[in-house]
Amino acid sequence: MSLEKKILSFLKGPKKGETFELKSGLVSQYKHERKDAIQRVIQAMTVGKDVSSLFPDVLKNIATYDLEQKKLVYLYLMNYAKSHPELCILAVNTFIQDTEDPNPLIRALAIRTMGCIRVDKMVDYMEIPLSKTLADDNPYVRKTAAICVAKLFDLNPQVCVEFGFVDELKKLINDPNPMVVANSLNSLYEIRDMNSDPNLNVLDITPEIIKNLLMCLNECTEWGRITVLTTLNEYEAPTPAEAGHIIERVVPQLQHVNPSVVLTSIKTILRHVDKVPSKPAILKKLSAPLVSLVSSSIPEAQYVGMKNIRIILEKHPQILSKELRVFFIKYSDPLYLKLEKLEIMVRLANDSNAGLLLGELKEYAMEFEPTLVTKAIKSVGSVAIKLSVCVVKAVNLLCTLIDQRGGDLVINEAVVALTNILRRYPGKNDLITLIVPVISNHVEDLTTSEALAGYIWLIGEYPKYFSQLHSKVDALVDGFLEYESQLQLNILTSVVKINLSTNDSSYSNQLQKVLELATKECENADVRDKAYIYWRLLSSSSTDAQQKVIMAKLPRIDTTIASFNPVVLESLINDLSTLASVYHKPASTFIDPSAYKRAGTGTSKAAKSGNIRDLTKLAKQEIINNAKNENLLDFDDEGTEASDAAPSLLDELNDLFITPGDNQGSSTTQSTNDILNLFGPPQPKPATNTERKDTNDLLDLF
């Protein structure tokens, strides 16, 4: 078979035989055949096949006492509610009946499915069922109905508020069942995010609510605990005693197996710990839970945990001061995990573990991954800048890496680190005599702009420590125009400094040459302006001005470890265990407040309009179109004969809602009235001539 034929056969979709076989099974007189056919329909739907043409046949199997079969039909309805919302309006009467079923599972399934159908007209039918299920005796039904309120608010906020469902939801926060409380809170949070009415107060967290949440915290499921803990995190404890009580009830959650529960518990404790006198003792209790996050066997979970730990350490660096070994890199760790561990290890460095850390960093600098090597060398420099007790050892380590391993990558990164160390400890003769000779011997290996900038700065800052200084300056001046503008600025400053500090007339020619190049041939305006300023200062007789402007020292580096802005840090502390803590950005920077769309996203125009007549026409037209599409694929003679012998679509729809106990021998007029009732409330008055004509028109459609 050619490729074109294979593609054509694939695009044709299911054969007539398959569709007819499923339809025959759905209308079979045997229960087991109908159930088996429904299972096969769900299986086809799961793998992505379009089985919406079987909607009427699946729907007529909804009236059953078999709970498993009803679940499958509801699953089918929820799947096609988004793509065929006008068809789902056919099942309204069944939904209403099922919300009054003695079985709580059926009541919950019915109200959940009603909430999943994104049709505006469905709102008119949800008032009574939702009111009943919110006050249901069974907690499973109540918790399902609580989620349905948020779905209704998304569909029509005004109606949801007018019917009083938001107020009913607030009352459920004091429900004795923990699942109901958690779902109610979740719905209120969703409603609060979607709400655009400033006069609507969705959620008020009071001490009474907090007391109830603390009582049900240990009885909730893991996701319910996260919701409760999030609410506790938003609460501002008025007194230290209340803050201490909240922390006391949250501490046991630190031992939970779910990392999200642990992180949310830590966030809640950090929220209230500042008001408690025993703050150091409480912070010590957070060490073991944080270590457990790093001990996970899943690299992605470790990464998320360490992203959160990095935020916490900046706020409370003493929490993991004795846990350095936990973050040592393993050979099997993915690269992103190794880099994050290095970030944390640098922050945990102190006087007692500096030697151990430098030895570990040396091993990482000898690895083959360029990114890891670069990060390890930068970390050595960061530790040396942070801790003065190990600066000589760190400098020796960097010099050893340059001499023993070499290579452009190692040399360039090590030179940058050594330059930063000298900026942190300026004028230290022992460090200068160690660093300058090593860099001077590897000038030709410097290729990156950052490394060259450090080398040029060293020449201008400590010219007396360089051998063959004149030739080095000549090389820089001769290639002045070939460097980028930032390096040109550095060369200009260094040459002027050398001329002033050495008092050697041999450097005057170099100074004159670099000033002429900068002012006459350089295209960058900043370089030209700086050269003119230097020229003017050097031409003046004010030695004091020359010393203050030209010979001024660069500001000392306090640290090379990245840190957050204090405002951003407070925001990230409040956003622990969320996506913001992984991005290290406040949620407001990447979440669009207008992301929530109201009223039936993805529904048709008629479904949004809420006109029941339009929905009726669309439903009938959808069924007719599906029937026509099946006939187009009717290439099977056997399937055609069976289709001719099958009852019409209207006859099939007539008994959609006949329950197992109903009389099977109902008249045609009664069946027609049943199908008409699907599209509106039942009319008790007798049919007029006009209504009979409408019925005949409906029959003619099929």
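**A walk through a predicted model**

Lys211 is exposed, because its relative accessible area is 58% and exposed means over 50%, whereas buried means under 20% and partly exposed lies in between (1.4 Å probe, protein chains only). This is a predicted model, in which local features need pLDDT of at least 70 and side-chain atom pairs count only at pLDDT 80 or more, while totals for chains, interfaces and linings use all residues. Residues are numbered from 1 along each chain as its sequence is written, and side-chain values use heavy atoms, with hydrogens and water left out.

Lys211 belongs to helix 14 (residues 207-216), where helices are DSSP runs (H or I, at least four residues) numbered from the N terminus. Its C-alpha atom is separated by 9.1 Å from that of Ile246, although the two residues are 35 residues apart along the chain.

A contrasting case is Gln510, which sits in helix 30 (residues 508-521) and counts as buried because its relative accessibility is 5%. Leaving aside neighbours within four places in sequence, Gln510 is in contact (heavy atoms within 4.5 Å) with His470, Val473, Asp474, Val477 and Val495.

We can now follow one whole helix. Helix 8 (residues 104-116) has 13 residues and reaches 18 Å from its first C-alpha to its last, close to the 18 Å expected at 1.5 Å a residue, the expected span being 1.5 Å times one less than the number of residues. At the N-terminal end of helix 8, Asn103 acts as a cap, with a side-chain oxygen 3.0 Å from the backbone nitrogen of Leu105. Helix 8 is mostly covered, since 10 of its 13 residues are buried, including Ile106, Leu109 and Ile111. What covers these buried residues includes helix 5 (67-80), helix 7 (92-98), helix 9 (122-134) and helix 10 (139-155).

In soluble globular proteins, nonpolar side chains tend to be buried together. Here the largest nonpolar core (a set of buried Ala, Val, Leu, Ile, Met, Phe, Trp, Tyr and Cys residues joined through side-chain atoms within 4.5 Å) has 194 residues, of which Tyr76 and Leu130 touch the most other members. Helix 25 (residues 408-424) gives the most to this core, with nine residues. Not counting residues up to four places away in sequence, Leu130 touches Ile111, Ala145, Cys148, Val149, Leu152 and Phe165.

Aromatic rings come next. Rings of Phe, Tyr and Trp (its six-membered ring) pair if their centres lie within 6.5 Å, and planes under 30 degrees apart count as stacked, over 60 as edge-to-face and the rest as tilted. By this rule the count comes to seven aromatic pairs. The rings of Phe163 and Phe165 have centres 5.8 Å apart and planes at 80°, so this pair is edge-to-face. Phe163 counts as partly exposed at 32% relative accessibility, whereas Phe165 counts as buried at 1%. Tyr455 and Phe466 also form an edge-to-face pair, with 6.3 Å from centre to centre and 75° between the planes. Because Tyr455 lies in helix 27 and Phe466 in the loop between helix 27 and helix 28, their pair ties together parts that are 11 residues apart in sequence.

Finally, we turn to the backbone. Most residues other than glycine have a negative phi. Gln468, although not a glycine, has a positive phi of about 55°; Gln468 is found in the loop between helix 27 (449-461) and helix 28 (469-478).

Technical notes
Helices (H or I, at least four residues) and strands (E, at least two) are DSSP runs, numbered from the N terminus. A polar contact is a pair of N or O atoms within 3.5 Å; within protein, one must be able to donate a hydrogen and the other to accept it, and residues adjacent in sequence count only if both atoms are side-chain atoms.
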